[in-house]
Amino acid sequence: MIKLMNEYLSNWFQTYFREKQLGEQTWTFFIDGESHKLSTSSIQAFICSNLDVRLQMEIKKQLVYLDYYNQDIQDYLRYLAKSILDIKLHHTTEVGNKR
């Protein structure tokens, strides 16, 4: 059941982003003196393949809300990029500490 939901959401996100025809944008974040870059396409890929169904549903809900009110979603994608970067850096730290 969860796998089916994940596939449904992954397809929904792919369709949503394709229909929105978002231009490729890259954001740069400086964390602990290091530069980190994430692009629109990397955010989309991360949402579709690395998040559990609960988080995907929350992101979908927010995108539908922004779309309904005709809001630009780039600010939300930037917020997601920062959150994804935090997840990636945290995961890397955890893996490093386990060795």
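A pocket is taken here as an open set of grid points with protein on both sides within 12 Å along at least five of seven lines. In this predicted model, the largest pocket defined in this way has a volume of about 180 Å³. Its lining consists of Phe46, Ile47, Leu51, Leu55, Glu58, Ile59, Tyr76, Tyr79, Leu80, Ser83, Ile84 and Ile87. Two or more of these residues come from each of helix 2 (40-50), helix 3 (53-68) and helix 4 (74-98). The greatest contribution is that of helix 4, which supplies six residues. Sorted by class, the lining of the largest pocket comprises ten nonpolar residues, one polar residue and one charged residue.

The protein as a whole contains four helices and two strands, arranged along the sequence in the pattern α-β-β-α-α-α. Its C-alpha atoms occupy a box of roughly 40 × 35 × 20 Å along the principal axes. The protein has 99 residues, of which 33% are classed as buried. Among contacts with a separation of 6 or more, 65% are made by residues 24 or more positions apart.

Helix 1 spans residues 2-20 and thus has 19 residues. The distance from its first C-alpha to its last is 27 Å, close to the 27 Å expected at 1.5 Å a residue. The buried residues of helix 1 are Leu9, Ser10, Trp12, Phe13, Tyr16 and Phe17. Viewed down the helix axis, the buried residues of helix 1 fall within an arc of 160 degrees, so they line one face of the helix. The face turned away from this buried side bears the exposed residues Lys3, Leu4, Arg18 and Glu19.

Two of the residues of helix 1, Leu9 and Phe13, are also in contact with Gln56, a residue of helix 3. The relative accessible area of Gln56 is 0%, and Gln56 is therefore buried, the cut-off being under 20%. With neighbours within four places in sequence left aside, the contacts of Gln56 are Asn6, Leu9, Phe13, Ile47, Cys48 and Leu51. Of these contacts, Ile47 and Leu51 also appear in the lining of the largest pocket. The C-alpha atom of Gln56 lies 21 Å from that of Glu24, and the two residues are 32 residues apart along the chain.

Backbone geometry was examined at two loop positions. Most residues other than glycine have a negative phi. Gln21, which is not a glycine, nevertheless has a positive phi of about 50 degrees. This residue follows just after helix 1 and belongs to the loop between helix 1 and strand 1 (26-31). The relative accessibility of Gln21 is 69%, so Gln21 counts as exposed, for which the cut-off is over 50%.

Asn70 likewise is a residue other than glycine with a positive phi, in this case near 55 degrees. The residue is located in the loop between helix 3 and helix 4, two of the helices that contribute to the lining of the largest pocket. Asn70 has a relative accessibility of 72% and therefore counts as exposed.

Key:
Residues are numbered from 1 along each chain as its sequence is written. This is a predicted model: local features need pLDDT of at least 70, side-chain atom pairs count only at pLDDT 80 or more; totals for chains, interfaces and linings use all residues. Side-chain values use heavy atoms; hydrogens and water are left out. On a 1 Å grid over the protein atoms alone, a cavity is a set of points where a 1.4 Å probe fits but cannot get out, and a pocket is an open set with protein on both sides within 12 Å along at least five of seven lines; lining residues have an atom within 4 Å of a point. Grid points are joined across faces, edges and corners, and a volume is the space filled by probe spheres set on the points. Ala, Val, Leu, Ile, Met, Phe, Trp, Tyr, Cys and Pro count as nonpolar, Asp, Glu, Lys and Arg as charged, and the others, Gly among them, as polar. The expected span of a helix is 1.5 Å times one less than its number of residues. Buried means under 20% relative accessible area, exposed over 50%, partly exposed in between (1.4 Å probe, protein chains only). The arc is that of the directions from the helix axis to the C-beta atoms. Contact means heavy atoms within 4.5 Å.
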